[in-house]
Amino acid sequence: VRPFRQRPDIECGVVNSPGSLQAEVAQQLLEKVEMDAVCVFEVESPPLGLVRCNLYASQVGAGVVEAIAAAHGGSGGQGRASFCVPNVHAFQQLWAGQSARASDEADAPPHE
């Protein structure tokens, strides 16, 4: 789970899942893991090829995924959005550092 660089308040699962089951994988993750959105991506010709990104949102992240996709030339609606970036390096730049939740957990005292 990583935060978006342009919206660090939104926690997003990042999954490389080519094929026809992307929506099902994203839905399962949204139901089972605490996050605002899931980005299912596919690299056309690794590592220099185009990266296709499909965003799926929980109720919290619905409007946000559409705005993020639009900022990268994509589109969406009803809690789903898609866009492409030119390569893996550009894809990596979409994400901020460690998530706020992970950082909080790392700073928490150990359980006894």
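How many disulfides does the count come to? In this predicted model, the count comes to 0 disulfides. The cysteines nevertheless make a convenient way into the fold, and the paragraphs below return to them after the overall architecture has been set out.

The protein chain has 4 helices and 6 strands, and along the sequence these elements follow the pattern β-β-α-β-β-α-β-β-α-α. Of its 112 residues, 36% count as buried. Among contacts between residues at least 6 apart in sequence, 54% join residues at least 24 apart. The accessible surface of the protein chain comes to about 6,600 Å², and 51% of this surface belongs to carbon and sulfur atoms.

The 6 strands form an open sheet, and reading across this sheet gives the order β1-β2-β3-β4-β6-β5, with mixed pairing. Strands β1 (2-3) and β5 (75-77) stand at the edges; each has a single partner strand, so one side of each is left without a neighbour in the sheet. As general background, strands of a sheet pair through backbone hydrogen bonds, either parallel or antiparallel. Both senses can be followed here by walking from β2 towards β6. Strand β2 (residues 11-16) and strand β3 (residues 37-43) run parallel and are joined by 5 bridges; within this pairing, Gly-13 stands opposite Val-38 in β3. The next step is antiparallel, with 7 bridges between β3 and β4, and here Phe-41 stands opposite Cys-53 in β4. Strands β4 and β6 also pair in the antiparallel sense, over 6 bridges, and Leu-55 has Ala-81 in β6 as its bridge partner. Strand β4 is mostly covered, as 5 of its 7 residues are buried.

Two helices can be placed relative to this sheet. Helix α2 (residues 62-71) lies across β3, β4, β5 and β6 and runs at about 25° to β6. Returning to the β2-β3 pairing, 5 bridges hold these parallel strands side by side. Helix α1 (residues 22-32) packs on the sheet, where it touches β2, β3, β4 (51-57) and β6 (80-85), and its direction makes about 150° with that of β3. Val-25 offers a closer look at α1, the helix in which this residue lies. Leaving aside residues up to four places away in sequence, Val-25 touches Val-15 and Ser-17. The C-alpha atoms of Val-25 and Val-38 are separated by 9.2 Å, while the two residues are 13 residues apart along the chain. With a relative accessibility of 27%, Val-25 counts as partly exposed, because that value falls between the 20% and 50% cut-offs.

What, then, of the cysteines? A disulfide is a covalent bond between the sulfur atoms of two cysteines. By the distance rule the count is 0 disulfides. Cys-12 is in no disulfide, and the nearest cysteine sulfur, that of Cys-39, is 5.4 Å away. For Cys-53, the closest cysteine sulfur is also in Cys-39, at 4.4 Å, which is too far for a bond, because a disulfide requires sulfur atoms within 2.5 Å. Cys-12 is buried, with a relative accessible area of 0%, and Cys-53 is buried as well, at 1%.

Aromatic side chains add a further feature. A pair of aromatic rings is described by the distance of the centres and the angle of the planes. The structure holds 3 aromatic pairs. In one of them, the rings of Phe-91 and Trp-95 have centres 5.7 Å apart and planes at 75°, so this pair is edge-to-face; the angle is over the 60 degrees needed for that class. Phe-91 counts as buried at 6% relative accessibility, and Trp-95 is likewise buried at 6%. Ring pairs link these two residues with Phe-4 and Phe-41 into a cluster. Phe-41 thus appears in two settings, as a member of the ring cluster and as the residue opposite Cys-53 in the β3-β4 pairing.

One backbone detail completes the description. Most residues other than glycine have a negative phi. Gln-78, however, has a phi near 55°, a positive value in a residue other than glycine. Gln-78 is placed in the loop between β5 and β6. At 82% relative accessibility, Gln-78 counts as exposed, because its value is over 50%.

Key
Residues are numbered from 1 along each chain as its sequence is written. This is a predicted model: local features need pLDDT of at least 70, side-chain atom pairs count only at pLDDT 80 or more; totals for chains, interfaces and linings use all residues. Side-chain values use heavy atoms; hydrogens and water are left out. Rings of Phe, Tyr and Trp (its six-membered ring) pair if their centres lie within 6.5 Å; planes under 30 degrees apart count as stacked, over 60 as edge-to-face and the rest as tilted. Buried means under 20% relative accessible area, exposed over 50%, partly exposed in between (1.4 Å probe, protein chains only). Contact means heavy atoms within 4.5 Å. Accessible areas come from the Shrake-Rupley method with a 1.4 Å probe; for residues, only the protein chains shown count as cover. Two strands pair if DSSP finds at least two bridges between them. Axes are lines fitted to C-alpha atoms, for helices over the stretch in contact, and angles run from 0 to 180 degrees between N-to-C directions.
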